Structures are given as C-alpha cells and as structure tokens.
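Here are some exercises to work through with the model open beside you. Try each task first, then compare your steps with the solution.

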Amino acid sequence: MPTDCISYSETNYFSKLILDYLEKKEELSPFYHRFPEIGNFEAQIKEKQKSFSSENRKVLVESLKKQYNGVEISDATLDHIEALSKDTTFTITTGHQLNLFTGPLYFLYKIISVINLTKILKKKHPEYDFVPIYWMATEDHDFAEINYFNLNGKKFQWNSTEKGAGIDAVGYLSTEGLKEVFELFSSEIGGGKDAEYLKFLFKNAYLKHSNLTEATRYLANELFKEYGLVIMGAQQPELKKLFIPFAENELLEQRSFKTTKENTEKLSNLGYNVQVNPREINLFYLNNGYRERIIKRDGRFYVHEKQIEWTKEEIIAELHEQPQHFSPNVMMRPLFQEVILPNLCYIGGGGELAYWLELKDYFEAENLPFPMLLLRNSALLQTEKQKEKRKKLDISNKELFLKQHELINRKVRKISNIDIDFSKQKEYLVNQFQEMYDLAEKTDKSFLGAVKAQEVKQLKGLDHLEKRLLKAQKRKLKDEVSRIAALQNQLFPNKSLQERQTNFSEVYAMYGQELLDTLFEHLNPLEQHFKILTFGTK
C-alpha cells in the first residue's frame, strides 16, 4: 500500500489555532493540560486513577451492559466493558453525531484513531488496559447536519416527519421513512459481494431498529465490534445522576460561563477565532423528545419557548428527581464525559479541539483532570490510476490541496512555452516610478499624487494584460486544464476535503474489508501528518 503524507499546514484546510496547537506554540500552553505525546500518558493515568471513583466505575459498567442488551456483542467488546470495573482500566474517547449511514468518511478516521491509540498505549503500558469509546451524540438537535450522506456525487437525504412534530433530540427519532432512502441507496450501490454487505448493513441498522440511537449503535458495532469498540449513549438516568453536582453548580453559579468567558476572550485577543461562546446557563431541558435552553431571569428559571418555570428550590428538586431531563450543551458535554468515564484523551476534529481549548479553567474549577486533546487522523484516499494521472500532470501532493483556480493558473504558467508572469515588468515599472517620485520631491511635491495615480494605473494595466494572456493560454491548453480540474474534482468533491464529503460506502463498495484494514494499518494518531493512501486496481 503506497502511502504519502504532507503537513497539516500544507493542506490549507486547518485553522491557525489548530496548527499552532500542533506546533505547541507557547501562547497556547495555558489552554491545555498535557500535550498528547506517548511520554505524557503515564502522568495522565496516575492523575485520572486518583480522581475516578470505584462507584462511578460500577455505575458505568452496569449502564453499558444495559445499553448493549439485545445487541450481538463481541468477546472483545464485552471484555472491555468488564475491564472498566478495574481501577487499572482507562478510556480513549471520540464523539460523533448520529449521521445517516455514518455520514462523511472521517467518522471512520475518528474511531480508528481511538482504537489504534489504545493499542499503542497497551504496548507501552502493559500493566494497564485501555478501552476505545465511541460517544454517540444522542441528545444533539441539529437534524439538518445528520440526515443525509453523499455517494457517487449524489445526496441521499432522509426527511423525518418527527422533526416537525417537536422531536429535537435526534437519538429519539423514529427510523420511519428510511425505507425509501434504502431503496435509492440499493439502486445506486449496485451489485457484488461488498455492495450486498453494505445493503445488509443499511437494512439491518435502519429498517430493523426503531430509533436513530439503536440504529447507529448497530451500525458502528457491526463495523468495529471485532476491535473491541465500546459504543455508548449518555442519556441514561444512572449516568446523569453522577452529573447532578456539576449541573447544580451550573444552575446556581453559572460556573461554566464564568470560567470559560475569560478564556474565550484570551483566545480572541491572541487572534484566534472562538469556536463557541458560552451561554449564562449551558444546560438544556430534555423531555418527550424536545430539548430547549434553560434560562434564568429575575431569580426564576424558565425553559425557552415552553410554558415551564421553576423557583431555585423547584429546579434543584427536579434535577435530583429527574436528572435525565437535564442535557449539557456543547460547553458542558466535555465535563459530563469526563465525570462518567475514566478517560485520558479525547480525539476529535479541529473544530472540536477548538472548543475544548476554552474549557481548561472550567475543569480546574470543578476539580477534574483535563484530558489530553488529540487531533484525529486525516487522509485522502486515491486509486493507483488517479495517482498516475497526477504524476503525468506533474502535480505534487502539496499542489493537489490548492484552490482549483490557483492550481490551474500555476500549471498553465508552468507548461506554457511563453512567460505569463509579469513580475519582472512590474518590478521595473516600480523602479521607474521611484525615480519620478524623487524628481517630484525635488521640484514640486504637489505632483506626488499624480505620479502615484499613474503608477497604480499602469500596474493595473499590466495585471489586466497578464490575466488576459493567462486566460488565452487556458483556452489553448484546455485539454490539460480539463484533466487537472477533473482529477481534483474527483479527489476533492464539492471543492472540499474528501473526508468531509464522501461516505465510506463509496470506497467500501470497491475495496471491501481492505478499506478498514488499510486505515488501521496506516492511521497512527500520534503521527501528526495528513496521510495520502493509494489503493490498487481491484
């Protein structure tokens, strides 16, 4: 399996915040606890071991067994669940929305990053056990982000009638209406052993399970059960009960807001885009499928757009009696995760790590260890044929990631038999005008403005001529331009990273289990490079 890589900075797809974090820039050190290097895990293990109680372990194991009731569980996964009762077992976690049929490819990359890190840690620390966790975002409410997937350039979309009936937490959505999507998918994916397996997966996940949580659990379990992946939802009352003291601090003291507001301002002052701005109360009220913000006003608590309100005493009583009705938002979910899991490291995408970096002071205020934050693996998958086309077009791996107009302009300039770069002419012109500026300074300074205007006009004229010549060459070299655009469009669908657009089924239909085997072999989460993986003809 040929494999190449480039740095994340060379892709032009990652934020300054994430690139600076990967480079361990000094100004970001206050925003994280330990950088995710193999040598730092032992200290993280010791710290988490001291803080995570045996009672929390017992509740976690019982809850997971309950969640897996009726699911065909592998020995590897069952062993991992049982191991969590021991104080020498820790988790590595990733979270993801309940995207239809996994959504984009990076769903796989996240989970494989987690599983591979547990293997690396077990080899380094054989006296401990490490469990890979996929945290399902069952209480997420953004249906528009999860109700579709892309296959062969086509969008397959599920239109749930329940979204119009007030079901906001997507995990509770009925899978009704997905038969039509399955039929369209079956027609598109075609025949063959691997295509039939994909149909089997889709049908059994979505047509034989009543809600999106159970459908997603089945799907992820089928794909990764032999690797011991543990799939969990966190909406269970017994898990929410562990979170009561922290939810109480949020309601009475607005602790997350007070501790993260300063960090968001610091990040902003350092020139970084803030991913999430905290609300005064970062809890939702979840009941009968709806999920709405809790608001405090004039000493009372209200549910946004609902006829529900409490006094301070009443809402605390509700929290203790019905903890499952309180749902953390994006600012509190990380804390909830670390309360109920013996977790060492969270693996996520750039956007996720960006909001985690706002939270360290909040964890300190709640006296909880802040986990390591590791950027998930990223990859571009190409065929041998596509790689050969790239070489014939003399496009480097780095150039592949340029914006299309930049890539085409660069290649046209390179393969043209005439010089389309007027930089020398512009430099000569600027030097000539410098002499005119000097002359005006010595004679009549009022002419400086006129000289400047003339310089701008002539430079614009050269720009215009350069663009016209480039456009003419593009027409002359239209075959090469067409091939360059076609190749990049194949590898960067919708002019975006492949991993954010393409569904795994598109690649699995061609390569089957080889897809997963290849990803497991080459995605090392501690190697911080963007991988380019080449699949042979099959």
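**Exercise 1.** How many bridges join strand β14 to β15, and do the two run parallel or antiparallel?

*Solution.* Before starting, note that this is a predicted model, in which local features need pLDDT of at least 70 and side-chain atom pairs count only at pLDDT 80 or more, while totals for chains, interfaces and linings use all residues. Residues are numbered from 1 along each chain as its sequence is written, and side-chain values use heavy atoms, with hydrogens and water left out.

Step 1: find the strands, which are DSSP runs of E with at least two residues, numbered from the N terminus, just as helices are runs of H or I with at least four. Two strands pair if DSSP finds at least two bridges between them.

Step 2: look between β14 (residues 379-383) and β15, where five bridges join two strands that run parallel. Within this pair, Gln-382 is opposite Thr-534 of β15.

Step 3: turn to β1 (residues 3-6), which pairs with β15 in the antiparallel sense over four bridges. Here Cys-5 has Lys-531 as its bridge partner in β15.

**Exercise 2.** Why is strand β15 largely enclosed by the rest of the structure?

*Solution.* Step 1: apply the cut-offs for relative accessible area, with buried under 20%, exposed over 50% and partly exposed in between (1.4 Å probe, protein chains only).

Step 2: go through β15 (residues 530-535); six of its six residues are buried, so the strand is largely enclosed.

Step 3: sort the side chains by direction. Phe-530, Ile-532 and Thr-534 point one way, Lys-531, Leu-533 and Phe-535 point the other way, and all are buried.

**Exercise 3.** Trace the parallel open sheet and find the helix α6 that packs on it.

*Solution.* Step 1: follow the strand order, β6-β3-β2-β12-β13, through five strands with parallel pairing. The edges are β6 (230-232) and β13 (372-375), each pairing on one side only. From one strand to the next, the twist averages 30°.

Step 2: inspect β2 (residues 89-96) and β3 (residues 129-136), a parallel pair with eight bridges. Phe-90 has its bridge partner in β3, namely Phe-130.

Step 3: add helix α6 (residues 106-124), which packs on the sheet and touches β2, β3, β12 (343-348) and β13. Contact here means heavy atoms within 4.5 Å. The direction of α6 makes about 170° with that of β2, using lines fitted to C-alpha atoms (for helices over the stretch in contact) and angles from 0 to 180 degrees between N-to-C directions.

**Exercise 4.** Which strands stand at the edges of the antiparallel sheet?

*Solution.* Step 1: lay out the five strands of this open sheet as β10-β9-β8-β7-β11, with antiparallel pairing.

Step 2: read off the ends. β10 (309-310) and β11 (326-328) each have a single partner strand, so one side of each lacks a neighbour in the sheet.

Step 3: check β7 (residues 283-287), which pairs with β11 over three bridges in the antiparallel sense; Tyr-285 stands opposite Phe-326 there. Helix α11 (residues 244-253) lies across β7, β8 (290-297), β9 (300-303) and β11, at about 115° to β7.

**Exercise 5.** Where is His-33 placed, and what does it touch?

*Solution.* Step 1: look in the loop between α2 (16-22) and α3 (41-51). At 31% relative accessibility, His-33 is partly exposed.

Step 2: leaving aside residues up to four places away in sequence, His-33 touches Gln-44, Glu-47, Lys-360 and Phe-370.

Step 3: compare sequence with space. His-33 and Met-372 are 339 residues apart in sequence, with their C-alpha atoms 6.7 Å apart.
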